[in-house]
Amino acid sequence: MAESKKSEIKLSITLNETKQPVAIHWQADESGIEGLQESKSLMLALWDKKEKSTMRIDLWTHEMMVEEMQFFFYETFASMAETYQRATNDTVMAEEIRKFSKSFGEKTKVLK
């Protein structure tokens with residue numbers, strides 16, 4: 001049996017007095033990038049083994065522009081299609097996600 005390796009992903013969120021994110025930073029051992037990196041938005045989804053449900057954290061700073069959020073969602077949908085196909089081998093539904101992603105991109109004018 002292969003030896004296990006532990007890798008950490010760190011998130012640092014700075015909140016204002018009303019608990020809204022004003023700064024988001026991340027660092028991952030396996031990213032190949034040294035130090036904390038700045039971000040304007042994050043979406044984190046975790047499958048809770050015990051509850052058999054998804055737990056989510058969605059955060060964005062006041063600096064995140066609507067156009068950036070639209071592009072963020074477009075790229076997230078597109079990457080979800082790839083992840084879904086790799087995880088399930090279900091090419092039919094992965095293609096449905098790709099179609100939705102393309103439609104979303106066109107309707108938000110992310111795709112010209």
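Start by selecting β4 in this predicted model: with four residues, β4 gives the most to the lining of the second largest pocket. Now add β1 (9–15) and β2 (21–28), which along with β4 are the elements that give two or more residues to that lining.

To see the whole lining of this second largest pocket, pick I9, L11, I24, W26, A28, S39, S41, L42, M43 and L44. Colour them by side-chain type and you'll get eight nonpolar, two polar and no charged residues. The space they surround comes to about 210 Å³.

Next stop: the largest pocket. How much space lies in the largest pocket? About 350 Å³. Keep β4 (41–48) on screen and bring in α1 (66–88), since these two are the elements that give two or more residues to the lining here. Which element gives the most to the lining of the largest pocket? That's α1, with six residues.

For the full selection around the largest pocket, take these:

- L42, M43, L44 and A45, among the lining residues
- R56, also part of the lining
- F72, E75, T76, S79, M80 and T83, which are lining residues too

Colour this set the same way. You'll find six nonpolar, three polar and two charged residues in the lining of the largest pocket.

Last thing to select: L42, M43 and L44. These residues line the largest pocket, and they also turn up in the lining of the second largest pocket. Leave them highlighted while you flip between α1, which gives six residues to the largest pocket, and β1 and β2, which each give two or more to the second largest.

Conventions
Residues numbered from 1 in each chain as written. Predicted model: local features only at pLDDT ≥ 70, side-chain atom pairs only at ≥ 80, totals over all residues. Heavy atoms only, no water. 1 Å grid on protein atoms, 1.4 Å probe; cavity = no way out; pocket = protein on both sides within 12 Å on 5 of 7 lines; lining within 4 Å. Points joined across faces, edges and corners; volume = space filled by probe spheres on them. Nonpolar A, V, L, I, M, F, W, Y, C, P; charged D, E, K, R; others polar.
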